[in-house]
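Please open the structure in a viewer and keep the selection tool at hand. The tour below proceeds stop by stop, stating what to select and what is found there.

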Amino acid sequence: METLSSLADGFAIAFTLQNLFLALVGCFLGTLMGALPGLGPANGVAILIPIAFTLGLGPTPSLILLTSVYYGAMYGGRISSILLNIPGDEPAMMTCLDGYPMAQKGMAGEALSLSGIASFVGAFFATWGLVLLAPQLVKIALLFGPAEYFALFTLAFATLGGITSTNQAKSAFAAMLGIGIAMVGVDSQTGVQRFTFGELHLYDGIDFLIAIVGLFALSEVFIFLENHRGGAVGNEKAMQIGRLVPKLSVLKYCVPTMFRSTIIGFISGILPGAGASLGSFLSYSLEKQVVDRDGETFGKGDPRGVVAPEVGNNAASGGALVPMLALGVPGSGTTAVLLAVLLALNVTPGPLLFTNSPDIVWGLIAALFIANFMLLALNIPLVGIFTRVLLIPTRILMPVVAMISFVGIYGISGSTFDLELMIGFGVLGWVLRKLDVPLVPIILGILLGNEMEVNLRRALTISDGDWSILLGSPLAIGIWIFAIIGFALPIVLGQRMKRRMRNAASAAAADIKD
Amino acid sequence: MFTKFTKIGAVAVIASFPAASLVSADDFMPENPECIAPSNPGGGWDFICRTTARYLQQLDIIDGSMQVTNMSGGGGGVGFAHVSNERNEDTALIVAASNGTTSRLAQGAYPGASADDVQFLATFGAEYGAIAVAADSPFEDLGDLMDAVVADPRSVAWSGGSAVGGYDHIKPLLLAQAAGLEDVRQLLYVAYDGGGEAMTALLSDSVQVLSSDFSEIRGFVESGDIRLLAVLAPERLTGHDQFPTAVEQGYDVVGANWRGLYMPAGAGEEAYEFWTNAIMEMTENEEFRQSLLDAGIEPFNNFGADMDAFIESNIAQITEISREIGIIE
């Protein structure tokens, strides 16, 4: 009850005309930043910090503005995933897998509203989790040592096979490529440079945003150029937008998906090393194994394949605030920036934050709720406008995509080297698409490869070289079991399914003969 | 040509009459001042730039506002190379710096760069190192801990927020050296991505000891989650004098992570004077001082010749320890 009255106090702080206006502005800007490839939530928040200070905003209004941008960007990332097959930020990558096929089937409007609702559900329940359980949840984060993290990342890679149903060898190759790219840079455990070739820009490794924008956005532009050979206008029939609001029945059968994905996403968010990308990935792969064992609908525009990653990534962004507020450990780039804002406002995150600065914490949490409702209210009516993007002829859209990619990447570090690297990734993406190699495992490798390696080596340093530490706790053993099941199940089921399909095909052939 | 001559003239005047420098610096006002944080948003360097930008603007030391640019890469090396190669004569530019900058210079981690490629401007604060253990740790004081480390260095794992060779690693190495460990390379150091993660490693019992900065762990000490064994300051900290130093426990180790700024080497004397005075004025501001103390950062001011001498000795010290632990030849 005490929590609820504190929350009410928080709402009293947040509910001023100025704060509501700031939340609205933040939500709008955030959605925009999330939707533009290259301009992610972390950069969006960072760009707005000086504005917050220049306006002379106090701690609570500043935080309201910035967290609205944060949540807004998490909502916005899905828009370009669904419409263009280009993820707006890294957690939105998984939304491409079913969101874009839905758009191609003429269900773009439905996919957008459904994912908007999914984002709301994920963020809403995650914020409640933050309110009710933050101090207890920190204990979950503390159960995870290096060995457990290593097992968790292995689990993510082990379930890859279930994701990209086409050719397992090609997804394995793609994942290896991603892990290889993640190895570039100075190795923190020894201080030694790896694959940097003396190039200063590679010391800190390759920014995954560069890889995402190159592999997805630029390669899309290259494919377009190839198909149209410059002048030809080509096939430009307008895409169908379809209904804007999903049917109630569709919504209803997504409810179990939302429930499962909220939990998975939220827990991934709480773990500082995992975050929103792992949240959306695990939500998707689990959902696929639960509701689509035969691999018949996922990847081809199943609404649940859009709902799962969106719930997962938004629940994770709420969850990521738990370690940031209670431990001072940022779980993602964006929370790192928010942490810096708190420090600049002379608020010290940590175990005493809830007792020392309750007005700020509860004002912040109230702001999250407000932002969330605003985003829902802002996003559903805007679906109609977003979908207009599809009516823009490709020959105009593609140059715009290229331009946004260049501006966005240049904005990260202001270096032309990154642009060259992005073009390199664009070419790589084009080649890999020609070879039918899936791109998602590459990004996953880049995102998680480093953490996986570093945690393995931390574990082995701590145990002084004893490998048994990897099975040293019940939690680690549990995750390993899941990883093995996740790896083996699609192989076993896949063979059974093939047999079944062959039987069905011969039966159908027999029918025709008759 | 004419402007160039007057510039040289101005330098000569300042050099011969130091007292006149204040006057001439008042005439100089940088246009569109900028602070480069050579890291992603959210780190220590970012904090330096944003704090400086805020106070310089608030105190009307600069015209209008100061832009903060994040230029990450190469552990600050990209920013360093950018400043020394491309903007060597920019008078409106300052760059955030700390121990991380000097230790990378000392260890040759910025290829082809040396400390003389830029002009170190000032320090305005220092965070002292701290050594902490879990609340239920068997190590009661620094002596207990270091005895165990000397007896079997592989039995005690240390976490820290910097890479191997970084400052969180150097602090335990200095302690081990002071305790008489023969081969300090035996020390078991686990590098984490920032002080927060290193703290989590201690709280989750993954490691036994944490090497960090006092300001970063203060909250956890106050809440009773961890126990502070030693502060690596020359004397007990003002306002936090309940915590013993390593020096008074018989280990002569001081670990200060300073916060400061550098500027392009070719910006000219006028700009150097202006920025020196600007940072000096900022450090004299009561609100600024209080905000540093609130954040657990002690005042640590070096300007002009003091700054040059400080940077030189700082780099020499890190070079020496890096050589001993085999990070550099």
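The first stop is a pair of helices in chain A of this predicted model. Select H12(A) and H13(A): the crossing of these two helices is right-handed. Helix H12 covers residues 255-270 and helix H13 covers residues 275-291; their axes come within 8 Å and cross at roughly 145°.

Next, display the side chains at this contact. On H12(A), the residues involved are Thr257(A), Arg260(A), Ser261(A), Ile264(A), Gly265(A), Ser268(A) and Gly269(A). H13(A) contributes residues including Gly275(A), Leu278(A), Leu282(A), Leu286(A), Glu287(A) and Val291(A). Sorted by class, the contact of H12(A) with H13(A) consists of six nonpolar, nine polar and two charged residues.

Now turn to chain B and select strand S1, residues 34-37, together with S2(B); the two strands run parallel and are joined by four bridges. Which residue of S2(B) is the bridge partner of Ile36(B)? The partner is Thr69(B).

Remain on strand S2 of chain B, residues 67-70, and show its side chains, which alternate. Val68(B) and Asn70(B) point to one face and are buried, whereas Gln67(B) and Thr69(B) point to the other face and are not buried. In general, side chains in a regular strand alternate between the two faces of the sheet.

For the final stop, select Glu329(B), in the segment that follows helix H12 (304-324) of chain B. Is Glu329(B) buried or exposed? Glu329(B) is exposed, because 6 other C-beta atoms lie within 10 Å and a residue with 12 or fewer counts as exposed. Add Thr319(B) to the selection: this residue is 10 residues from Glu329(B) along the chain, and their C-alpha atoms are 9.9 Å apart.

Note on methods
Residues are numbered from 1 along each chain as its sequence is written. Chains are lettered from A and ligands numbered from 1 in the order in which they are written. This is a predicted model: local features need pLDDT of at least 70, side-chain atom pairs count only at pLDDT 80 or more; totals for chains, interfaces and linings use all residues. A residue is buried if 20 or more other C-beta atoms lie within 10 Å of its own, exposed if 12 or fewer, and partly exposed in between; C-beta atoms are placed from the backbone. Two strands pair if DSSP finds at least two bridges between them. Axes are lines fitted to C-alpha atoms, for helices over the stretch in contact, and angles run from 0 to 180 degrees between N-to-C directions. A crossing is left-handed if the near helix is turned anticlockwise from the far one by less than a right angle, and right-handed if clockwise. Two residues are in contact if their C-beta atoms, placed from the backbone, lie within 7 Å. Ala, Val, Leu, Ile, Met, Phe, Trp, Tyr, Cys and Pro count as nonpolar, Asp, Glu, Lys and Arg as charged, and the others, Gly among them, as polar.
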